[in-house]
Amino acid sequence: MVDRSVANIVLFGPPGAGKGTQADKLVNEFKLFKVSTGDLLREEIKKKSALGNKIKSIIDKGMLVQDNIINDLIEKVLDKKKYFNSLIFDGYPRNLSQAKNLDKLIKKYKQKLSCVLSLKVDTDIIVKRILGRLICSKCGSIFNSFFSPATKENHHCGSKFLQRRSDDNEESIKNRFQIYNTETLPILDYYENQKLLHEIDGMRDISIIYKEIRQIIHALESWLYNVYLYK
Ligand code: ADP
């Protein structure tokens, strides 16, 4: 039984599409939890374990980490009662086999996928977003040297904490795009067939994109409400 009005959500889009930014907003408003496979993998790298070192060499090349590693990470999250039907997946699934595995796990843990929100952004804009991306290692804020630079007013930790991700370089970006086009994009048909897909123009202002996402979610909420009220 679904015991809340919004169930799990997949945020879909190319690297640098702004999935993380929108996910953070959804987390705050709808009391959801974000699962970013990229973040989970970077946490493993920080541990400097054998697995972490292996993952780092794959990520720095812009390749995909093996499905079995990713599937294990995701199962650990879906298994936790605290996150029941409250997850936003950011950067996952990334190929058809991961999408099918997610369906299997969602069934196994008696949950639901309420929608797939796909952010569409032109490649030239994305390259600038990625190459300009700076992350504060102290507070976690994300800035962009082209579009939204850190200033004394909007960031108080100081510029020495601003860092680039080690995979935000041109060579890795080329690979990430190629893999996105060949392996990740075909998932859209899979979700379209399940009538879960919502396409969103991701080239507008962050707040305008978010407004559209909220509308989609509110429409789903009232739909779910009616289903459970009148069943
Ligand atoms: P981006 O939005 O730039 O793709 P992420 O933080 O989502 O950044 O991912 C960074 C890297 O982590 C990817 O390029 C890939 O190497 C690895 N990765 C993240 N999620 C997955 C996944 N679901 N399957 C395989 N590899 C992944």
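Me: How do you know that the distance between the end C-alpha atoms of helix α1 agrees with what its 12 residues should span?

Reply: In this predicted model, helix α1 covers residues 19-30, and at 1.5 Å a residue its 12 residues should span 16 Å, the expected span being 1.5 Å times one less than the number of residues. The end C-alpha atoms are 16 Å apart, so the two values agree.

Me: Which residues of α1 are buried, and what puts them on the same side of the helix?

Reply: The buried residues of α1 are Lys 19, Gln 22, Ala 23, Leu 26 and Phe 30. Around the axis they cover an arc of only 105°, and therefore they sit on the same side of α1. The general background is that an α-helix has 3.6 residues a turn, so residues three or four places apart point the same way.

Me: How does helix α3 compare with its expected length, and what makes its buried residues line one face?

Reply: Helix α3, residues 50-61, also has 12 residues, and from its first C-alpha to its last it reaches 18 Å, which is close to the 16 Å expected at 1.5 Å a residue. Gly 52, Ile 55, Ile 58 and Ile 59 are buried in α3. Seen down the axis, these buried residues fall within an arc of 125°, so they line one face of the helix.

Me: What is the phi of Lys 31, and why is this residue called exposed?

Reply: Lys 31 has a positive phi of about 55° although it is not a glycine, and it is found just after α1, in the loop between α1 and β2 (33-36). For the general case, most residues other than glycine have a negative phi. The relative accessibility of Lys 31 is 60%, and because the cut-off for exposed is over 50%, the residue counts as exposed.

Me: Is Asn 85, which has a positive phi of about 50°, buried or exposed, and how do you know?

Reply: Asn 85, not a glycine either, is found in the loop between α4 (67-78) and β3. Its relative accessible area is 0%, and since buried means under 20%, Asn 85 is buried.

Me: What makes the peptide bond from Tyr 92 to Pro 93 worth a remark?

Reply: The peptide bond from Tyr 92 to Pro 93 is cis, with omega near -5°, and Pro 93 has its place in the loop between β3 (87-90) and α5 (96-108). In general, most peptide bonds are trans.

Me: Which residues are closest to the ligand, and how are the residues of its shell divided?

Reply: The ligand is surrounded by 20 residues, of which the closest are Thr 37, Arg 42, Met 63, Arg 94 and Arg 176. The shell divides into 8 nonpolar, 5 polar and 7 charged residues, and helix α2 (residues 37-46) gives the most to it, with 4 residues.

Me: What makes the pairing of Thr 37 with the ligand a polar contact, and which backbone atoms lie at such distances?

Reply: A polar side-chain atom of Thr 37 lies 2.8 Å from a nitrogen atom of the ligand, and because a polar contact is a pair of N or O atoms within 3.5 Å, this pair qualifies. A backbone N or O atom of Met 63 lies 2.5 Å from an oxygen atom of the ligand, while a backbone N or O atom of Val 65 lies 3.0 Å from a nitrogen atom of the ligand. Taken alone the ligand exposes 540 Å², and the protein buries 97% of that.

Me: Why is Asn 101 called buried, whereas Asn 181 is called partly exposed?

Reply: Asn 101, in helix α5, has 14% relative accessibility, which is under the 20% cut-off, so it counts as buried. Asn 181, in helix α7 (residues 170-184), has a relative accessible area of 47%, which falls between the 20% and 50% cut-offs, so it is partly exposed. As for their positions, Asn 101 and Asp 67 are 34 residues apart in sequence and 9.3 Å apart in space, C-alpha to C-alpha, while Asn 181 and Pro 14 are 167 residues apart in sequence and 8.5 Å apart in space, C-alpha to C-alpha.

How values were computed: Residues numbered from 1 in each chain as written. Predicted model: local features only at pLDDT ≥ 70, side-chain atom pairs only at ≥ 80, totals over all residues. Heavy atoms only, no water. Helix = DSSP H or I, 4+ residues; strand = E, 2+ residues; numbered from the N terminus. Buried < 20%, exposed > 50% of the residue type's maximum accessible area, 1.4 Å probe, protein only. Arc of directions from axis to C-beta. Near = heavy atom within 4 Å. Polar contact = N/O pair within 3.5 Å; in protein donor to acceptor, adjacent residues only side chain to side chain. Areas by Shrake-Rupley, 256 points an atom, 1.4 Å probe, with all protein chains shown as cover. Nonpolar A, V, L, I, M, F, W, Y, C, P; charged D, E, K, R; others polar.
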